[in-house]
Amino acid sequence: MREMSLSDLSNMFLDYAAILATITYTLGGLLFMLPIPVHGVKKWGQNMIKDGIYATFWTAIYDAVLKFANFLMGLLGASWPTYMFTLSTATGTLGAAYTMLAGIIAGAKAIGGLDIPIISGIGKAVGSFQPLIAATQGMGDLLEFYILLYAFSVFIEFTAPLLIALGVMFMSLPFRIGRGIGSMLIAFSLVFYIGLPLLPVFDGLILAALFAGLKLPSIWDFLATAQFLSDPAAATLLTVNGTVQFFQDLVNDVYILVQVGNPIVLLLIEGLIVPILYLTILVGLTVGLAEAIGERTGNVPIVLDIF
């Protein structure tokens, strides 16, 4: 028996959503037609009819929503493959730097245990050098953050369509018992699926705003450069003059970072503060979009003259 893929699960949730939307609509019609002179019952019937139509509408536009999300990302110059490669490069670079710093401290402590006075003294001095220890701890914390960001990004990239379908199914439940979680799932998936690949763009905008006129290079630019250089076909894409200009620009970027900017400050701003700020903004957009989607369950995108 073939295992179900994420696409199969999404289609299954959409099928359930269509069935539940029909049930919701039918129950609403029954409540609306009951010969009970109670306004609350009539109102619930009217709302459930609208909810059924609204859930059916979301089921119908599911594919269009996904296509629009990908179109919007392309329009803004972002893509998941590029973002994930850049993020994996950043994680690998941080991991290598942390391993090197931790290795220096461990090696220095080992040397400090030797019986040779001069060498052991140097080892103890290096192993207990507080700025080096603080830098290693900070690099470790930054590495943990990027590992979590990478894992979260992988989760969003592959499960966003499934979560949207699941959200539509929850919104199709009768009596609005799944309206809150359904609208939140749809909003969360859309916002983060479109927004996460734009993190390097946001990072560059913040850098340009903080250091206006200095033309400081972004660490994401360096990672893009590393991505380009790691491509076996990169050498064939550069002419002789283009190769010289390429490496001249790279050397100039390094010079600007060292002479004008503070690499540690830039690393903290771009590597930690800006991503956290950006994720906070995405959370805020998610809450706002979820409220908009959830509140719309009381209305439908077409006029119902029967009310």
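User: Where does L75 sit?
Analyst: L75 is in helix α3, which covers residues 62-75. This is a predicted model, so that placement is a computed one.

User: Is L75 buried or exposed?
Analyst: L75 counts as exposed, at 61% relative accessibility. The cut-off for exposed is over 50%, which is why L75 falls in that class.

User: Which residues make a nonpolar surface patch with L75?
Analyst: F68, F71 and L76 join L75 in a nonpolar surface patch of about 460 Å².

User: And the surface of the chain as a whole, what supplies it?
Analyst: The protein chain exposes about 17100 Å², and carbon and sulfur atoms supply 72% of that area.

User: What share of the residues is buried?
Analyst: Buried residues are 38% of the 307 in the protein chain.

User: Switching to the fold. How many helices and strands are there?
Analyst: The protein chain has 12 helices and 0 strands. Read from the N terminus, the element order is α-α-α-α-α-α-α-α-α-α-α-α.

User: What part of the contacts comes from residues 24 or more positions apart?
Analyst: Taking contacts in the protein chain with a separation of 6 or more, 76% are between residues 24 or more positions apart.

User: Now electrostatics. How many salt bridges does a search of the whole structure find?
Analyst: The search finds 1 salt bridge. The side chains involved are those of D51 and R176, with an N to O distance of 2.7 Å.

User: Where are the two partners in the chain?
Analyst: D51 is in helix α2 (residues 39-60), while R176 is in the loop between α6 (130-171) and α7 (179-195). The pair links distant parts of the chain, 125 residues apart.

User: Why would two such side chains pair at all?
Analyst: Side chains of opposite charge can pair when their charged atoms come close.

User: D51 first: buried or exposed?
Analyst: D51 is buried, with a relative accessible area of 6%. Buried means under 20%, so D51 meets that limit.

User: And what is the relative accessible area of R176?
Analyst: R176 has 22% and is partly exposed. That class lies between the 20% and 50% limits, so R176 is not counted as buried.

User: What about the backbone of R176?
Analyst: Phi of R176 is near 60°, a positive value in a residue other than glycine.

User: Which residue that is not a glycine has a positive phi of about 60°?
Analyst: F175 has a positive phi of about 60°. F175 lies in the loop between α6 and α7, and R176 is found in that loop too.

User: How accessible is F175?
Analyst: F175 counts as partly exposed, at 43% relative accessibility.

How values were computed. Residues are numbered from 1 along each chain as its sequence is written. This is a predicted model: local features need pLDDT of at least 70, side-chain atom pairs count only at pLDDT 80 or more; totals for chains, interfaces and linings use all residues. Side-chain values use heavy atoms; hydrogens and water are left out. A salt bridge is a side-chain nitrogen of Lys or Arg within 4 Å of a carboxyl oxygen of Asp or Glu. Helices (H or I, at least four residues) and strands (E, at least two) are DSSP runs, numbered from the N terminus. Buried means under 20% relative accessible area, exposed over 50%, partly exposed in between (1.4 Å probe, protein chains only). Contact means heavy atoms within 4.5 Å. Accessible areas come from the Shrake-Rupley method with a 1.4 Å probe; for residues, only the protein chains shown count as cover. Patches are made of residues with over 30% relative accessible area and no salt bridge: like charges are joined within 9 Å, nonpolar side chains (Val, Leu, Ile, Met, Phe, Trp, Tyr) within 5 Å.
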